[in-house]
Amino acid sequence: MSAMIERDAYIAMVGKEVGISEWHLVDQARIDAFASATEDHQFIHVDPARARETPFGTTIAHGFLTMSLLSVFSYEALPKLADVAMGVNYGTDKMRFVSPVKAGVRVRGRFTLTEATLRKPKELFTRTNVTVEIEGEDKPALVADWLGLVYFN
(Lines give C-alpha, C1' and ligand atoms only; values in the text may rest on other atoms or scores of the structure.)
Protein backbone atom coordinates (compact mmCIF):
# COMPACT_ATOMS: atom_id res chain seq x y z
CA MET A 1 0.00 0.00 0.00
CA SER A 2 1.47 3.33 -0.95
CA ALA A 3 -1.34 5.85 -0.37
CA MET A 4 -1.35 7.62 2.97
CA ILE A 5 -4.39 7.09 5.16
CA GLU A 6 -5.64 9.20 8.02
CA ARG A 7 -5.49 8.04 11.63
CA ASP A 8 -9.27 7.61 12.00
CA ALA A 9 -9.44 5.55 8.81
CA TYR A 10 -6.72 3.30 10.20
CA ILE A 11 -8.53 2.88 13.52
CA ALA A 12 -11.65 1.91 11.54
CA MET A 13 -9.68 -1.01 10.05
CA VAL A 14 -9.63 -2.90 13.37
CA GLY A 15 -10.71 -6.48 12.78
CA LYS A 16 -9.62 -6.47 9.14
CA GLU A 17 -6.68 -7.93 7.30
CA VAL A 18 -4.61 -4.88 6.44
CA GLY A 19 -1.82 -6.32 4.32
CA ILE A 20 0.30 -9.15 3.00
CA SER A 21 4.00 -8.71 2.28
CA GLU A 22 6.02 -9.98 -0.65
CA TRP A 23 7.73 -13.37 -0.39
CA HIS A 24 11.30 -13.29 1.00
CA LEU A 25 13.91 -15.98 0.55
CA VAL A 26 15.49 -17.41 3.69
CA ASP A 27 18.63 -18.96 2.26
CA GLN A 28 21.73 -20.30 3.99
CA ALA A 29 23.59 -17.02 3.46
CA ARG A 30 20.89 -15.12 5.39
CA ILE A 31 20.89 -17.74 8.15
CA ASP A 32 24.71 -17.60 8.40
CA ALA A 33 24.68 -13.79 8.54
CA PHE A 34 22.11 -13.88 11.34
CA ALA A 35 24.21 -16.47 13.20
CA SER A 36 27.23 -14.17 12.96
CA ALA A 37 25.26 -11.12 14.08
CA THR A 38 23.80 -12.91 17.11
CA GLU A 39 26.68 -15.29 17.86
CA ASP A 40 24.23 -18.20 17.73
CA HIS A 41 26.08 -20.84 15.72
CA GLN A 42 24.08 -23.89 16.76
CA PHE A 43 24.70 -26.61 14.17
CA ILE A 44 21.02 -26.92 13.23
CA HIS A 45 21.37 -23.45 11.68
CA VAL A 46 24.87 -23.40 10.22
CA ASP A 47 26.08 -26.94 9.53
CA PRO A 48 24.20 -28.47 6.56
CA ALA A 49 25.97 -31.84 6.88
CA ARG A 50 25.04 -32.33 10.55
CA ALA A 51 21.58 -30.84 10.02
CA ARG A 52 20.84 -33.51 7.38
CA GLU A 53 20.99 -36.02 10.24
CA THR A 54 18.14 -34.31 12.13
CA PRO A 55 14.40 -34.82 11.64
CA PHE A 56 14.39 -31.56 9.60
CA GLY A 57 16.83 -32.96 7.04
CA THR A 58 18.42 -29.56 6.47
CA THR A 59 19.41 -26.39 8.28
CA ILE A 60 16.65 -24.21 9.65
CA ALA A 61 16.44 -20.49 10.34
CA HIS A 62 16.70 -19.20 13.87
CA GLY A 63 13.26 -18.43 15.28
CA PHE A 64 14.50 -14.93 16.05
CA LEU A 65 15.57 -14.51 12.42
CA THR A 66 12.03 -15.29 11.34
CA MET A 67 10.73 -12.84 13.94
CA SER A 68 13.16 -10.14 12.81
CA LEU A 69 11.70 -10.28 9.31
CA LEU A 70 8.47 -8.79 10.68
CA SER A 71 9.98 -5.34 10.16
CA VAL A 72 10.52 -5.71 6.42
CA PHE A 73 7.16 -7.45 6.04
CA SER A 74 5.44 -4.56 7.81
CA TYR A 75 7.15 -1.91 5.65
CA GLU A 76 5.77 -3.66 2.59
CA ALA A 77 2.32 -4.62 3.85
CA LEU A 78 0.97 -2.20 6.42
CA PRO A 79 -0.94 0.93 5.43
CA LYS A 80 1.08 4.14 5.60
CA LEU A 81 -0.37 6.55 8.13
CA ALA A 82 -0.39 10.27 7.41
CA ASP A 83 1.37 12.78 9.69
CA VAL A 84 3.48 10.20 11.58
CA ALA A 85 6.52 11.44 13.49
CA MET A 86 7.73 7.89 14.27
CA GLY A 87 6.66 4.35 14.97
CA VAL A 88 8.06 2.24 17.80
CA ASN A 89 8.15 -1.53 18.18
CA TYR A 90 6.48 -2.15 21.55
CA GLY A 91 7.01 -5.92 21.66
CA THR A 92 4.87 -9.01 21.15
CA ASP A 93 2.24 -11.00 23.00
CA LYS A 94 1.52 -14.70 22.49
CA MET A 95 4.32 -15.26 19.99
CA ARG A 96 4.82 -18.85 18.90
CA PHE A 97 7.26 -20.49 16.50
CA VAL A 98 4.87 -23.01 14.94
CA SER A 99 6.97 -24.60 12.18
CA PRO A 100 10.66 -24.51 11.28
CA VAL A 101 11.78 -22.39 8.33
CA LYS A 102 14.05 -24.64 6.31
CA ALA A 103 16.95 -23.08 4.41
CA GLY A 104 15.94 -22.19 0.87
CA VAL A 105 12.24 -21.48 1.43
CA ARG A 106 10.33 -18.23 1.07
CA VAL A 107 8.24 -16.60 3.78
CA ARG A 108 5.86 -13.66 3.97
CA GLY A 109 3.86 -11.77 6.58
CA ARG A 110 0.07 -11.54 6.77
CA PHE A 111 -1.28 -8.79 9.03
CA THR A 112 -4.66 -8.25 10.72
CA LEU A 113 -5.17 -5.12 12.82
CA THR A 114 -6.82 -6.25 16.07
CA GLU A 115 -6.55 -3.08 18.17
CA ALA A 116 -5.86 0.59 17.58
CA THR A 117 -6.36 2.77 20.64
CA LEU A 118 -5.57 6.45 20.91
CA ARG A 119 -3.81 6.69 24.29
CA LYS A 120 -2.93 10.36 24.04
CA PRO A 121 -3.88 12.90 21.36
CA LYS A 122 -0.70 12.07 19.44
CA GLU A 123 -0.03 8.46 20.52
CA LEU A 124 -1.71 5.42 18.99
CA PHE A 125 -1.28 1.95 20.50
CA THR A 126 -1.65 -0.85 17.95
CA ARG A 127 -1.96 -4.62 18.19
CA THR A 128 -1.54 -6.49 14.95
CA ASN A 129 -1.93 -10.23 14.56
CA VAL A 130 0.83 -11.38 12.24
CA THR A 131 1.26 -14.77 10.66
CA VAL A 132 4.49 -15.66 8.90
CA GLU A 133 3.56 -18.06 6.14
CA ILE A 134 5.94 -20.54 4.53
CA GLU A 135 5.42 -20.85 0.80
CA GLY A 136 3.86 -24.22 -0.04
CA GLU A 137 3.25 -25.19 3.60
CA ASP A 138 -0.05 -25.47 5.45
CA LYS A 139 1.31 -24.51 8.87
CA PRO A 140 2.85 -21.08 9.45
CA ALA A 141 6.33 -20.43 10.75
CA LEU A 142 5.25 -17.93 13.37
CA VAL A 143 2.13 -16.35 14.83
CA ALA A 144 2.15 -13.35 17.15
CA ASP A 145 0.32 -10.34 18.40
CA TRP A 146 2.71 -7.53 17.55
CA LEU A 147 2.44 -4.33 19.56
CA GLY A 148 3.36 -0.88 18.33
CA LEU A 149 3.18 2.76 19.23
CA VAL A 150 2.64 5.40 16.58
CA TYR A 151 3.46 9.00 17.39
CA PHE A 152 1.90 11.75 15.30
CA ASN A 153 3.25 15.23 14.59
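Two strands are said to pair here if DSSP finds at least two bridges between them, and with that in mind the tour through this predicted model can begin at strands S5 and S8, which pair in the antiparallel sense over 10 bridges.

**Strand S8 and its two partners**

Select residues 142–152, which form strand S8, and display them together with their surroundings; 9 of the 11 residues of this strand are buried, so S8 is largely enclosed by the rest of the structure. Then add strand S5, residues 84–97, and look for Val 84, which stands opposite Phe 152 in S8. Next bring in strand S7, made up of residues 123–134, which also pairs with S8 in the antiparallel sense, over 10 bridges. On this side the pair to pick out is Asn 129 and Asp 145, the latter being the bridge partner of Asn 129 in S8. While the side chains are displayed, it may help to recall that in a regular strand they alternate between the two faces of the sheet.

**The loop before S5**

From Val 84, step back to Asp 83, which is placed in the loop between strand S4 (80–81) and strand S5. The backbone deserves a look here, for the phi angle of Asp 83 is near 65°, a positive value in a residue other than glycine. Is Asp 83 buried, partly exposed or exposed? Its relative accessible area is 47%, and Asp 83 is therefore partly exposed, since that class lies between the limits of 20% and 50%.

**Helix H6 and Leu 69**

Now select helix H6, residues 70–77, and colour its buried residues, which are Leu 70, Phe 73, Ser 74 and Ala 77. Turn the view until you look down the axis of H6, where these buried residues fall within an arc of 100°, so they line one face of the helix. The general background is that an α-helix has 3.6 residues a turn, so residues three or four places apart point the same way.

Leu 69 lies in the loop between helix H5 (63–68) and helix H6, and it counts as buried because its relative accessibility is 7%. Which residues does Leu 69 touch, not counting those up to four places away in sequence? Select Val 26, Arg 30 and Val 107, for these are the residues it touches. A distance drawn from Leu 69 to Val 26, C-alpha to C-alpha, should read 9.8 Å, although the two are 43 residues apart in sequence.

**The loop after helix H2**

Move on to Glu 39, whose place is in the loop between helix H2 (28–38) and helix H3 (43–46). Here too the backbone is worth inspecting, because a phi near 60° is a positive value in a residue other than glycine, and Glu 39 counts as exposed at 67% relative accessibility.

**Stepping back to the whole chain**

Finally, clear the selections and view the whole protein, whose secondary structure comes to 6 helices and 8 strands, running from the N terminus as β-α-β-β-α-α-α-α-α-β-β-β-β-β. Its C-alpha atoms fill a box of roughly 55 × 30 × 25 Å, taken along the principal axes. Of the 153 residues, 39% are buried, and among contacts with a separation of 6 or more, 72% are between residues 24 or more positions apart. With the surface switched on, the accessible area comes to about 8300 Å², of which 53% belongs to carbon and sulfur atoms. Colouring by charge brings out 17 positive and 20 negative side chains, and the centres of the two sets lie 4 Å apart.

Technical notes. Residues numbered from 1 in each chain as written. Predicted model: local features only at pLDDT ≥ 70, side-chain atom pairs only at ≥ 80, totals over all residues. Heavy atoms only, no water. Helix = DSSP H or I, 4+ residues; strand = E, 2+ residues; numbered from the N terminus. Buried < 20%, exposed > 50% of the residue type's maximum accessible area, 1.4 Å probe, protein only. Contact = heavy atoms within 4.5 Å. Areas by Shrake-Rupley, 256 points an atom, 1.4 Å probe, with all protein chains shown as cover. Lys, Arg positive; Asp, Glu negative; His and termini not counted. Charge placed at Lys NZ, Arg CZ, Asp CG, Glu CD. Arc of directions from axis to C-beta.
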